[in-house]
Amino acid sequence: FYRKVVQCFEEKNIPLEHLLSGIDTMTVIVHEDKFIENEQEILSRISKLARPESLEVESGISLIAVVGRSMKSQAGTAAKIFSALADARINIRMIDQGSSELNIIVGVENKDFEKAIRAIYKKFVG
């Protein structure tokens with residue numbers, strides 16, 4: 001399934017910025033400007049090749065990566081990120097943490113990007 005979805009983007013030379021998967025979901029993140037002109041063709045191709053149960057497109061999401069080697073050994077890093085965003089009244093649209101525990105990536109609405117960066121920075125650096 002994943003290979004078929006990724007193939008649809010590769011055929012149009014659209015690089016994937018981030019790929020997330022859950023038990024029954026898959027999220028593909030690409031730059032909107034590279035995707036928009038091929039949107040309908042890609043969605044049609046995904047539907048034909050991979051036959052997903054549902055297919056949705058959301059735009060206007062920015063990714064923020066919080067990175068640090070010491071994250072792996074310190075409890076509460078994710079809680080600090082989430083509380084910083086909650087305190088700033090910013091909704092988290094996406095969360096990803098790899099098994100290496102070297103980073104946590106959150107997706108927020110574009111309009112909240114700079115505010116989110118400031119809130120996270122303030123929580124960790126002061």
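**Confidence by element.** I checked which elements of this predicted model score lowest and highest in pLDDT (the predictor's confidence in each residue, from 0 to 100). Strand β1, residues 18-21, has the lowest mean at 88, and helix α3, residues 39-50, has the highest at 96. I note that helices (H or I, at least four residues) and strands (E, at least two) are DSSP runs, numbered from the N terminus. The protein averages 91, and 100% of the residues score at least 70.

**Ground rules.** Residues are numbered from 1 along each chain as its sequence is written. Since this is a predicted model, local features need pLDDT of at least 70 and side-chain atom pairs 80 or more, while totals for chains, interfaces and linings use all residues; side-chain values use heavy atoms, leaving out hydrogens and water.

**Helix α3.** I compared its length with the expected span (1.5 Å times one less than its number of residues). The 12 residues of α3 should span 16 Å, and its end C-alpha atoms are indeed 16 Å apart.

Which residues of α3 are buried? I found Glu39, Ile42, Leu43, Ile46 and Ala50. They sit on the same side of α3, because they cover an arc of only 100° around the axis, taken from the directions from the helix axis to the C-beta atoms. On the other side, Gln40 and Lys48 are exposed. Buried means under 20% relative accessible area, exposed over 50%, partly exposed in between (1.4 Å probe, protein chains only).

I then looked for what covers the buried residues of α3: this includes α1 (2-10) and α2 (32-35), with contact meaning heavy atoms within 4.5 Å.

Arg51 follows α3, and its phi is positive, near 50°.
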